Amino acid sequence: MSNEKNTDTVHVAHRTAATGEIAVLSIDFPPVNAGSTAMRTALMGALEGLEPARLAGVILTGAGGNFVGGADIREFDAPAVPPHLPDIIAKIEALPVPVVAAMEGAALGGGYELALGCDARVAGPRAVVGLPETTLGLIPGSGGGVRVSRLVGEVRAIELVTSGRRVKSAEALELGMIDAIAEGDVVEAAIAHLEKMDGQKRILRDLPALPGERQAVEAAKAAALKKGRGSLAVAEAIEAVRQAQTLPVGEALAAERETSLRIRRGPQSRALRHLFFAERAATKLPEGVEPGRVETVGIVGGGRMGQGIALAFAQAGLTVRIAERDATFLATAMKALETAAQDLAARGRIASAAALMERLLPAELEAMADCDLVVEAIIEDMEAKKALFGQLDQILSDDAILATNTSYLDIDEIAAATKLPGRVAGLHFFNPANVMRLVEVIDAEATTGKVLATLVALAKRIRKLPVVAKVGEGFIGNRVFAAYRQQAEFLIEEGALPWEIDAAIEDFGFAMGFFKVYDLAGLDIAWARRKRLAPTRDPKARYVEIPDVLCEMERFGRKTGSGWYDYASGKPVPDPKTEEVIAKEMARKGIEPRTFTADEIISRIMAAIVNEAALLLGEGIAARASDVDIVLVNGYGFPKLKGGPLHWAAAQPREAFLESVAAMADASGHGIEPAANLGAVLKEAEGL
């Protein structure tokens, strides 16, 4: 090794190898070497400072455990500033000596495009590569689609670019996305690979296109569009890959660049970038508090929810003890977990079902004494939960955490049943808990900062999206859910049919119609809640009895073969019996039915959602408007391409939307008023 000099963000070292002198450029821009204007400027300066005539080759790598983790998303709303990434790639391609990318950690988006601009790619065994731009409503803008299609072919390129998935180094090598995997130091491996190249360049843009067989291409396109569910970026990415096969390479690169810059200013990209930043704001740990360590978790309750929670922890490598009220229920739960583990292994989600089951241990309640955390997942009954927490309070060490998975109940009251209420909080998982990303972390009145920080950090560790909420009926998600469920029932009582409402909201972009969701969850669950709240219900408030009548008929949804829909065929089919119940109830109340357009349905539903969100924000249940957005997107099927209900509402004409909320309140009757802080909430959301 000879002399070394530093630039502001790119270190340049010179190595002497068998083939001659090699320049090693190391991008050092913590924490992930994001492709900001400053980073690109420094890299271009380093490239321009090279003396190719005295070099045998160049190694491009990243400091701090990452190559380049992608573009700096914070710059996307501003005009693109030179030096642009395509200019840097052109500079690399123009060098008369080969350039090898030595990649550790992440080489994503613009980072992988930078690597594709090199003549070869060597990755560490834990590196990940990919083009995730479509997940932010974009397409690769620096030749990623064009170049990767010349490595993997048109069909595979469609899947890689439209899915945005991150590809681990072993698969990347198999696909041809990289050229070698380093067994030791990645820079040393890249130098060795460079020496094998014998001074020859391999510029990907100069390689021939690899068009796919027509039927396979059409199948790949159809699969991508179906999965994309209306994503403009997915459709444009498919077109960019097609143009990479049919246009001269210069034209294909220019077209890809133009499309990327155009759609990044569009509403879908803004919505997805809003959610990206919202997730980071929500998962930020409280300042000044060090989270505790959790290695052993107890789960009390072996039903479907308890099983899902247990799997989520076990899949993350934690030891899980599971308790049930009797041996028969416990045996049933363990058998179900074993079946789930085998299914996960069969689908390649885990390496070994047996290894997972070794971390899932049946236990008595007393055996949870060594647990760092115990999560309660029993029936939604306040007295039962209080009794259980009183028992656990006596069994666990004083520094263990007690969490309840309750969906609605007052956690402050549960905590009061313990001698140390500061260690009690909520961990509200969504069903199925091992699949759904969202977890509401409930900060009860007495919950300590350390407990809260520990649960947020733990949720991130098990690859969940934690959103902190305060105690309140239904917290964030179920509070809003109850409001739009109520509004949907009002619409039914006024003449809209369940399947008309479902069709309208599915066209709007929801993953599934509300009434299909209610049938899937079970109508008896909401019925039990309504009965629990009946003694405190305002007698002047409007109440729709139709779902109660369906429950009295034992129409509880899919599990009983009928609910709002009929399931005799296995699929939801509009049911004349439901229409009869609706007609009788309307006649009993003297309501004259009217027809609703899809736009009218959406106006009422969205007004109810946004108004309730404003109310809970005013009460401090949620900390920020963006928290509501990510809860509704990740827990309730709100269309992510619209960025969440508050992001969507803030983009609507303000006066017209406020009028729709007033109209919704008027139609809803006593007890429902426009939120006083609605304007302020929309203004906050507008700036997100």
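**Exercise 1. Helix 19 against helix 24**

Which residues in helix 19 meet which residues in helix 24? Describe the contact and the geometry of the pair.

*Solution.* The model is a predicted one, in which local features need pLDDT of at least 70, side-chain atom pairs count only at pLDDT 80 or more, and totals for chains, interfaces and linings use all residues. Residues are numbered from 1 along each chain as its sequence is written, and side-chain values use heavy atoms, with hydrogens and water left out.

Step 1: Glu500, Ile501, Ala504, Ile505 and Phe508 of helix 19 meet Ala598, Ile601, Ile602 and Met606 of helix 24, where contact means heavy atoms within 4.5 Å. Helices (H or I, at least four residues) and strands (E, at least two) are DSSP runs numbered from the N terminus.

Step 2: By class, this contact has 8 nonpolar, no polar and 1 charged residues, with Ala, Val, Leu, Ile, Met, Phe, Trp, Tyr, Cys and Pro counted as nonpolar, Asp, Glu, Lys and Arg as charged, and the others, Gly among them, as polar.

Step 3: The axes of helix 19 (residues 498–508) and helix 24 (residues 598–618) come within 9 Å and cross at roughly 80 degrees. That makes helix 19 roughly perpendicular to helix 24, a term that covers angles of 65 to 115 degrees.

**Exercise 2. The nonpolar cores**

Find the residues with the most contacts inside the largest nonpolar core, and state which helix gives the largest share of that core.

*Solution.* Step 1: A nonpolar core is a set of buried Ala, Val, Leu, Ile, Met, Phe, Trp, Tyr and Cys residues joined through side-chain atoms within 4.5 Å, buried meaning under 20% relative accessible area, exposed over 50%, and partly exposed in between (1.4 Å probe, protein chains only).

Step 2: The largest such core has 99 residues, and Tyr484 and Phe514 have the most contacts inside it; helix 24 provides its largest share, 12 residues.

Step 3: Once neighbours within four places in sequence are left aside, Tyr484 is in contact with Phe514, Tyr518, Ile605, Ile609, Leu632 and Tyr636. A second, separate core of 60 residues includes Ile27, Met39, Leu175 and Ala220.

**Exercise 3. The open sheet**

Trace the strand order of the open sheet of 8 strands, and identify its edges.

*Solution.* Step 1: The order is 13-12-11-14-15-16-17-18, with mixed pairing; two strands pair if DSSP finds at least two bridges between them. Strand 13 (360–362) and strand 18 (465–470) are the edge strands, each pairing on one side only.

Step 2: Strand 16 (residues 424–429) and strand 17 (residues 438–443) pair in the antiparallel sense over 4 bridges, and Glu440 in strand 17 is the bridge partner of His428.

Step 3: Helix 12 (residues 304–315) lies across strands that include strand 11 (296–300) and strand 12 (319–323), and runs at about 170 degrees to strand 11; axes are lines fitted to C-alpha atoms, for helices over the stretch in contact, and angles run from 0 to 180 degrees between N-to-C directions.

**Exercise 4. Backbone features in loops**

Locate two cis peptide bonds and two residues with positive phi.

*Solution.* Step 1: The peptide bond from Pro30 to Pro31 is cis, with omega near 0 degrees, and Pro31 lies in the loop between strand 3 (20–27) and helix 1 (37–48). The bond from Pro82 to Pro83 is also cis, with omega near 0 degrees, Pro83 being in the loop between strand 4 (57–62) and helix 2 (85–94).

Step 2: Asp198, which is not a glycine, has phi near 55 degrees and is exposed, with a relative accessible area of 60%. Arg463 has a positive phi of about 65 degrees, sits in the loop between helix 17 (449–461) and strand 18, and counts as exposed at 75% relative accessibility.

Notes. Parallel < 35°, antiparallel > 145°, perpendicular 65-115°, else oblique.
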